[in-house]
Amino acid sequence: MEIKVLHQIMDWNEDVSEEVKAGLASHDICMINVMGSPGAGKTSLITSLIGALKDRFRIGVIEGDIAGQVDAERIAGLGIPTVQLNTDGACHIEAMSIQHILPSLPLDDLDLIFVENIGNLVCPAEFRIGESLRITLLSIPEGDDKVEKYPLMFTDTDCLVLNKYDMLPYFDFDEQRVCSNYGTVNPDAPLFRVSSRSGDGIRDLADFITEKAGNSRS
């Protein structure tokens with residue numbers, strides 16, 4: 001019975017996700033789901049990408065958190081339309097929440113929406129939210145075993161960002177282990193080495209997003 005209920009929930013979320021995606025397509029908007037652990041650097045990466053992409057796209061942000069609005073205030077301070085989505089304890093964002101919150105953004109004036117999902121390497125991977133592109137972050141301080149421990153997160157993504165790459169010399173992090181494991185579970189998706197602090201790798205990731213966003217909006 002429990003398995004049956006889980007499947008019903010997942011099927012329902014998929015239906016709503018498709019509705020959200022179709023609605024965004026009608027506005028010619030590409031939505032990007034940014035996923036990763038707490039502290040992986042999701043907000044900093046989005047901030048850096050806004051700087052790299054703001055001359056190419058009109059950008060909005062949905063900031064997902066269990067509680068609070070610290071990250072939303074940081075993004076809004078850049079002059080970017082931003083909405084805070086608090087899940088009040090839930091470990092992921094669902095498509096219905098996105099559907100409800102999208103009208104709070106000026107959709108007719110946007111080309112690109114970043115969604116910062118809840119910090120978690122498990123639940124967000126299981127729930128589509130109407131996105132056209134998924135980005136998964138793995139920061140160097142987290143360790144090199146995460147692809148093996150949480151394979152779905154790294155299998156069902158359009159790219160992997162090794163974030164805080166400037167910290168590699170200071171941690172016992174086996175980069176080859178990550179590359180090998182990621183290449184096994186997701187051989188066709190690229191890997192980017194990025195430092196939001198220094199800006200290294202941001203341009204390559206921004207170019208990738210530009211190409212994918214153009215394809216999803218055509």
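**Exercise 1. Which strands does helix α2 lie across, and at about what angle does it run to β4?**

Solution. The model used throughout is predicted.
Step 1. Locate the helix: α2 comprises residues 42-53.
Step 2. List the strands beneath it: α2 lies across β1 (30-35), β2, β4, β5 (133-139) and β6 (159-163).
Step 3. Read the direction: α2 runs at about 170° to β4.
Step 4. Set a second helix beside this result: α8 (residues 175-185) lies across β5, β6 and β7, and it runs at about 170° to β6.

**Exercise 2. Determine the strand order of the open sheet and identify the strands at its edges.**

Solution. Strands of a sheet pair through backbone hydrogen bonds, in either a parallel or an antiparallel manner.
Step 1. Seven strands form the open sheet, with parallel pairing, in the order β3-β2-β4-β1-β5-β6-β7.
Step 2. The edges are held by β3 (82-86) and β7; each has a single partner strand, so one side of each is left without a neighbour in the sheet.
Step 3. On average, neighbouring strands of this sheet are turned by 20° against each other, direction ignored.

**Exercise 3. Describe how strand β4 is paired and whether its two faces are covered.**

Solution.
Step 1. Strand β4 spans residues 112-116, and five bridges join β2 to it in a parallel arrangement. Ile59 has Leu112 as its bridge partner in β4, and Gly60 has Ile113.
Step 2. Turn to β1: five bridges join β1 to β4, and these strands also run parallel. The bridge partner of Met31 in β4 is Ile113. Ile113 is thus a bridge partner of Gly60 and of Met31.
Step 3. In a regular strand the side chains alternate between the two faces of the sheet. In β4, Leu112, Phe114 and Glu116 lie on one side and Ile113 and Val115 on the other, and all are buried.
Step 4. Five of the five residues of β4 are buried, so this strand is largely enclosed by the rest of the structure.

**Exercise 4. Characterise the surroundings of Asp65.**

Solution.
Step 1. Asp65 lies in strand β2 (residues 59-65).
Step 2. The relative accessible area of Asp65 is 17%; because buried means under 20%, Asp65 is buried.
Step 3. Leaving aside neighbours within four places in sequence, Asp65 is in contact with Asp71, Gln84, Leu85, Asn86, Thr87 and Ile118.
Step 4. Compare sequence with space: Asp65 and Val115 are 50 residues apart in sequence and 11 Å apart, C-alpha to C-alpha.

**Exercise 5. Describe the largest pocket and state which element gives the most to its lining.**

Solution.
Step 1. The volume of the largest pocket is about 230 Å³.
Step 2. Its lining has 16 residues, of which Pro38, Gly39, Lys42, Asp71 and Glu116 lie nearest the centre.
Step 3. The elements giving two or more residues to this lining are α2 and β2. Helix α2 gives the most, with three residues.

**Exercise 6. Classify the aromatic pair formed by Phe192 and Phe208.**

Solution. A pair of aromatic rings is described by the distance of the centres and the angle of the planes.
Step 1. The count of aromatic pairs comes to one.
Step 2. The ring centres of Phe192 and Phe208 are 5.3 Å apart and the planes stand at 55°, so the pair is tilted.
Step 3. The pair links distant parts of the chain, 16 residues apart: Phe192 is in strand β7 (residues 191-193) and Phe208 in helix α9 (residues 202-217).
Step 4. Both Phe192 and Phe208 are buried.

Technical notes. Residues are numbered from 1 along each chain as its sequence is written. This is a predicted model: local features need pLDDT of at least 70, side-chain atom pairs count only at pLDDT 80 or more; totals for chains, interfaces and linings use all residues. Side-chain values use heavy atoms; hydrogens and water are left out. Rings of Phe, Tyr and Trp (its six-membered ring) pair if their centres lie within 6.5 Å; planes under 30 degrees apart count as stacked, over 60 as edge-to-face and the rest as tilted. Helices (H or I, at least four residues) and strands (E, at least two) are DSSP runs, numbered from the N terminus. Buried means under 20% relative accessible area, exposed over 50%, partly exposed in between (1.4 Å probe, protein chains only). Contact means heavy atoms within 4.5 Å. Two strands pair if DSSP finds at least two bridges between them. Axes are lines fitted to C-alpha atoms, for helices over the stretch in contact, and angles run from 0 to 180 degrees between N-to-C directions. On a 1 Å grid over the protein atoms alone, a cavity is a set of points where a 1.4 Å probe fits but cannot get out, and a pocket is an open set with protein on both sides within 12 Å along at least five of seven lines; lining residues have an atom within 4 Å of a point. Grid points are joined across faces, edges and corners, and a volume is the space filled by probe spheres set on the points.
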